[in-house]
Amino acid sequence: MAGHSKWANIQHRKGRQDKIRGKLFSKLSKEITIAAKMGDPDVDNNPRLRMAVKEAKSLSMPKDNIDRAIKKAIGGDAENYDEIRYEGYGPGGVAVIVEAMTDNKNRTASTVRSTFSKSGGNLGETGSVGFMFDRKGEVVYPASVGDVDTVMMAAIEAGAEDVQSDDENHVILCADTDLNDVSTALEAELGESESTKLIWQPNIQSELDLEGVEKLMRLVEALEDDDDIQKVTTNMDAPDEVMQAYAEGDG
């Protein structure tokens with residue numbers, strides 16, 4: 001768990017979110033539009049749309065942007081996107097999963113392949129690293145919502161698999177297919193979560209030194225800068241002192 005929040009916090013401190021805020025909102029809008037187009041445009045009747053809107057709100061995306069993205073789907077002027085997953089190895093043999101939404105599969109595949117290559121990585125076949133991750137549902141609450149026992153009890157009753165708590169967050173994990181039911185039950189007990197989403201949770205991790213982290217993050221950031229890429233997940237791990245040195249060295 002420490003790896004989850006520690007890494008998220010360091011990325012936040014580096015100002016990465018602010019630097020790519022416009023790009024981030026564009027990707028969130030795309031997910032909202034696709035979710036609304038594929039299902040019911042009513043948030044209450046569409047679990048995927050509900051998760052997309054919650055994620056957008058947690059990242060401070062304005063309500064107007066959210067509404068506009070939903071209306072785009074209702075109006076029928078949303079582009080047709082394919083959802084594709086790419087898998088490969090980054091510097092240091094770290095496993096990388098890249099999730100994309102694209103209106104041109106050839107363009108995206110070419111970009112992803114060359115980005116891996118330029119960054120000292122290697123794009124593999126689908127399934128080449130997927131076995132190193134489990135698909136999970138993740139619900140995040142701030143530590144202030146309650147003590148560990150209170151949150152643990154609520155999570156057990158909701159049907160969750162695990163709770164990982166630290167000074168800042170409670171991260172509740174469940175089977176991917178249970179996410180909607182678990183998050184709904186948790187909200188009835190604990191109130192609205194900060195984040196509810198599907199994640200790839202590493203079951204095997206690759207530890208890196210500072211140089212390795214810097215090389216890997218160059219690949220991750222290059223991928224994230226592409227408009228077709230929605231999310232990048234790695235199985236990187238690093239000692240606290242390495243994470244701290246990376247954060248301080250970059251910002």
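Author: A salt bridge is taken here to be a side-chain nitrogen of Lys or Arg within 4 Å of a carboxyl oxygen of Asp or Glu. This is a predicted model, in which local features need pLDDT of at least 70 and side-chain atom pairs count only at pLDDT 80 or more, while totals for chains, interfaces and linings use all residues. Residues are numbered from 1 along each chain as its sequence is written, and side-chain values use heavy atoms, with hydrogens and water left out.

Reader: What makes the pair Arg 85 and Glu 87 a salt bridge?

Author: The N to O distance between their side chains is 3.0 Å, which lies within the limit of 4 Å, so the pair qualifies.

Reader: Why is Glu 87 called buried, and why is Arg 85 called partly exposed?

Author: Buried means under 20% relative accessible area, exposed means over 50%, and partly exposed is in between, with a 1.4 Å probe and protein chains only. Glu 87 has a relative accessibility of 1% and therefore counts as buried, whereas Arg 85, at 32%, falls in the partly exposed range.

Reader: How do you know that Glu 55 and Lys 197 meet in a salt bridge, and which parts of the chain does the pair link?

Author: Their side chains are 3.4 Å apart, N to O, and this pair links distant parts of the chain, since Glu 55 is in helix 4 (residues 47-58) and Lys 197 is in strand 7 (residues 195-202), 142 residues apart. Helices (H or I, at least four residues) and strands (E, at least two) are DSSP runs, numbered from the N terminus. Glu 55 is called buried because its relative accessible area is 15%, while Lys 197, at 25%, is partly exposed.

Reader: How many salt bridges are found in the whole structure?

Author: A search of the whole structure finds 13 of them. One of the pairs is Asp 103 with Arg 107, at 2.8 Å from N to O. Elsewhere, Glu 31, Arg 48 and Glu 83 are joined into one network by salt bridges that share partners.

Reader: What makes a set of residues a nonpolar core?

Author: The residues must be buried Ala, Val, Leu, Ile, Met, Phe, Trp, Tyr or Cys, joined through side-chain atoms within 4.5 Å. The largest such core has 23 residues, and those with the most contacts inside it include Val 96 and Phe 116. Helix 9 (210-224) is among the elements that each supply at least two residues, and its share, 6 residues, is the largest. A second, separate core of 15 residues includes Ile 32, Ala 52, Ala 56 and Ile 66.
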